[in-house]
Amino acid sequence: FFEREGNRIKEIVGSVAGLKSSHIQTLKRLYRRKVNPKEIISSELARRITEISMTINRQVGVLISRRGEVVTVLLGNAFSIMLPDLSGFRMGQGNLKGLRFIHSHLNSAPLDQEDITDLRMLRLDLVGVLHYGSSGIPGTLSIASLDPSDEVAGCEISTRSLESWHQLDYEVWISELTTRLQ
């Protein structure tokens with residue numbers, strides 16, 4: 001299923017089998033959301049992701065560029081979500097892809113080994129998991145980022161309320177991270 005933007009067709013990555021037409025339209029509309037480049041994710045986009053995830057009982061995610069554009073909408077099953085081939089995205093500063101992957105986990109499950117593997121192997125800026133309650137409203141965001149000073153784990157994991165993440169200037173944070181990775 002596709003969303004057209006200019007001359008490009010944007011696809012929902014993952015199986016939409018069994019979803020209602022209204023759910024597919026909700027997923028397509030995620031492509032229209034913009035994120036302030038200074039934020040990891042907007043409150044509105046986070047809420048849309050967790051609401052649809054809770055409704056369809058599947059993991060939902062987005063890849064966001066450093067400019068704040070939703071470049072890919074992903075749909076998984078209840079247990080995992082598969083990232084597409086990212087070879088079309090060239091490496092940027094700090095040898096990172098310039099993409100952040102934010103997604104939902106059902107039942108407030110924490111970042112898992114699959115998330116950490118995606119972070120390391122795909123060289124993403126960060127991987128984030130939105131946690132939400134029974135109302136579908138996001139409460140916390142756990143993020144993992146590469147950490148060259150941690151030789152054992154190789155990454156740093158932090159969980160905070162969504163509001164406290166908004167106090168972080170993402171552009172400054174990613175600039176500092178890329179400097180440490182060089």
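Hi everyone, this is a short talk about the salt bridges in the structure above.

One thing before we start: the model is predicted. Now, the basic idea is that side chains of opposite charge can pair when their charged atoms come close. How many salt bridges turn up in a search of the whole structure? The search finds 8, and I'd like to walk you through some of them.

Let's begin with Glu171 and Lys38, whose side chains form a salt bridge at 3.2 Å, N to O. Glu171 sits in helix α5, while Lys38 is in the loop between α1 and α2, so this pair ties together parts that are 133 residues apart in sequence. As for their surroundings, Glu171 is partly exposed at 36% relative accessibility, and Lys38 is partly exposed too, at 40%.

Next, please find Arg66 and Asp125, which meet in a salt bridge at 2.7 Å, N to O. Here we have two loops: Arg66 belongs to the one between β3 and β4, and Asp125 to the one between α3 and β6, so the pair links parts 59 residues apart in sequence. Is Asp125 buried or exposed? With 0% relative accessibility, Asp125 is buried. Its partner Arg66 is partly exposed, with a relative accessible area of 23%.

My third pair is Arg67 with Glu69, joined by a salt bridge at 3.1 Å, N to O. Arg67 counts as exposed, at 61% relative accessibility, and Glu69 as partly exposed, at 28%.

Salt bridges can also share partners, and that is how Arg33, Glu44, Arg47, Arg48 and Glu51 come to be joined into one network. Do look for those five residues in the structure. Thanks for listening!

Key:
Residues are numbered from 1 along each chain as its sequence is written. This is a predicted model: local features need pLDDT of at least 70, side-chain atom pairs count only at pLDDT 80 or more; totals for chains, interfaces and linings use all residues. Side-chain values use heavy atoms; hydrogens and water are left out. A salt bridge is a side-chain nitrogen of Lys or Arg within 4 Å of a carboxyl oxygen of Asp or Glu. Helices (H or I, at least four residues) and strands (E, at least two) are DSSP runs, numbered from the N terminus. Buried means under 20% relative accessible area, exposed over 50%, partly exposed in between (1.4 Å probe, protein chains only).
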